[in-house]
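Work through the following exercises with the structure open beside you, trying each task before reading its solution.

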Amino acid sequence: MTHTILSLLLQTQIPVDTVDTIAAVANEVAATAETVVETAEPLNLWSLMLKGGFFMIPLLLLSILSIYVFIERLLVIRKAAREDKTFMERIKDYIHDGEIDTALRLCQKTDTPAARLIAKGISRLGRPMNDVLVAIENVGNIEIARLEKGFPWLATTAAGAPMIGFLGTVTGMINAFYSMASAGNNADITTLSGGIYEALVTTVAGLVVGVIALFAYNYLVARVDGVMNQLETKTMEFMDLLNEPAE
């Protein structure tokens, strides 16, 4: 580029001394530009988080809490969804043979929400069928509530994280305009960069945390619905069992 400028200057018949001076200045500018490019720090996730300001702290805490709740609840729900194909057949045989205590011990040994439902129903044998059904349904509601423990944190994160991000956006833009007003005629892009970084980074972080929490919440809700369907199926099988005539 410098050689092109020199050739153009020579064609316009500018004095040689002037051409040499302009060439020296051009070379210095080019060297400075190369130095700036070489010394520019690469943009990474950590530097972006630092530029996000104070509001990155609650977003980070919410993300850690959401990850913990998701993993912990997922393990609990998977354990609750385990199904023994022979469980109801064994319960049926024990009840028909009059071995109620053995059936209860099997339920206690199995230790699943479905087994606890059946155990409650067995403990109510001899009472009206409606009382047995109500007792089972009450235990089912308690089991579902246990599985949904921690879900409010995910729902709160899904709704609150974007709001925190938008709040960081507002404060970041306020800081940017305040810095520009304070700088007066000396304002430049570096004066605005701090506030703009805070505004954009907090927005992105809030949306990312909120979207991940929303998907995690909906996934866990779907898994709990699957467990609820299992419990309803076991309840119907048990009630049908009580209505069957003994062989």
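**Exercise 1.** Find the helix that holds Ile57, and decide whether this residue is buried, partly exposed or exposed.

*Solution.* In this predicted model, Ile57 belongs to helix 4, which covers residues 56-80. The relative accessible area of Ile57 is 47%, and since buried means under 20% and exposed means over 50%, a value in between is called partly exposed. Ile57 is therefore partly exposed. The next step is to look at what surrounds this residue on the surface, where Phe54, Ile57 and Leu61 together make a nonpolar patch of about 340 Å².

**Exercise 2.** State how many helices and strands the chain has, and what share of its residues is buried.

*Solution.* Begin with the count of elements, which gives 10 helices and zero strands. Written in sequence order, the pattern is α-α-α-α-α-α-α-α-α-α. Then turn to burial: of the 247 residues in the chain, 30% are buried.

**Exercise 3.** Work out which residues of helix 5 are buried, and how they are arranged around the helix axis.

*Solution.* The buried residues to mark in helix 5 are Phe87, Met88, Ile91 and Ile95. When helix 5 is viewed down its axis, these buried residues fall within an arc of 90 degrees, so they line one face of the helix. A general point helps here: an α-helix has 3.6 residues a turn, so residues three or four places apart point the same way. Following the chain just past the end of helix 5, one comes to Gly98, which takes a positive phi of about 80 degrees.

**Exercise 4.** Identify the residues that form the negative surface patch, and the elements that give two or more residues to this patch.

*Solution.* The patch is formed by Glu89, Asp93, Asp97, Glu99, Glu237 and Asp240. The elements that give two or more residues to the negative patch are helix 5 (87-96) and helix 10 (189-243). Taking one residue from each of these helices, Glu89 is found in helix 5 and counts as partly exposed, with a relative accessibility of 48%. Glu237 is placed in helix 10 and is also partly exposed, with a relative accessible area of 35%. As a last step, consider the distance between Glu237 and Lys92, which are 145 residues apart along the chain, while their C-alpha atoms are separated by 9.6 Å.

**Exercise 5.** Trace the salt bridges of Glu143, and say which residues are joined into one network.

*Solution.* The count for the structure comes to four salt bridges. One partner of Glu143 is Arg116, with the closest N and O atoms 2.7 Å apart. Because Glu143 lies in helix 8 (residues 129-147) and Arg116 in helix 7 (residues 113-123), the pair ties together parts that are 27 residues apart in sequence. Glu143 counts as buried at 4% relative accessibility, whereas Arg116, at 30%, counts as partly exposed. Another partner of Glu143 is Arg146, and here the closest N and O atoms are 3.4 Å apart. Because Glu143 and Arg146 are three residues apart in helix 8, about one helical turn separates them. Salt bridges that share partners join Asp111, Arg116, Glu143 and Arg146 into one network.

**Exercise 6.** Describe the salt bridge between Arg73 and Glu72, and decide for each residue whether it is buried or partly exposed.

*Solution.* In the salt bridge of Arg73 with Glu72, the closest N and O atoms are 2.7 Å apart. Arg73 has a relative accessible area of 6% and is therefore buried, while Glu72, at 29%, is partly exposed.

**Exercise 7.** Locate Asp111, and explain what makes its phi worth a second look.

*Solution.* Asp111 sits in the loop between helix 6 (100-110) and helix 7, and at 40% relative accessibility it counts as partly exposed. Its phi is positive, at about 55 degrees, although Asp111 is not a glycine. For comparison, most residues other than glycine have a negative phi.

**Exercise 8.** Find the helix of Pro162, and give the distance between its C-alpha atom and that of Gly210.

*Solution.* Pro162 is in helix 9, residues 151-183, and is buried, with a relative accessible area of 13%. Although Pro162 and Gly210 are 48 residues apart along the chain, their C-alpha atoms are separated by 5.8 Å.

Terms used: Residues numbered from 1 in each chain as written. Predicted model: local features only at pLDDT ≥ 70, side-chain atom pairs only at ≥ 80, totals over all residues. Heavy atoms only, no water. Patch = residues over 30% accessible without salt bridge, like charges linked within 9 Å, V, L, I, M, F, W, Y side chains within 5 Å. Areas by Shrake-Rupley, 256 points an atom, 1.4 Å probe, with all protein chains shown as cover. Salt bridge = Lys/Arg side-chain N within 4 Å of Asp/Glu carboxyl O. Lys, Arg positive; Asp, Glu negative; His and termini not counted. Charge placed at Lys NZ, Arg CZ, Asp CG, Glu CD. Helix = DSSP H or I, 4+ residues; strand = E, 2+ residues; numbered from the N terminus. Buried < 20%, exposed > 50% of the residue type's maximum accessible area, 1.4 Å probe, protein only. Arc of directions from axis to C-beta.
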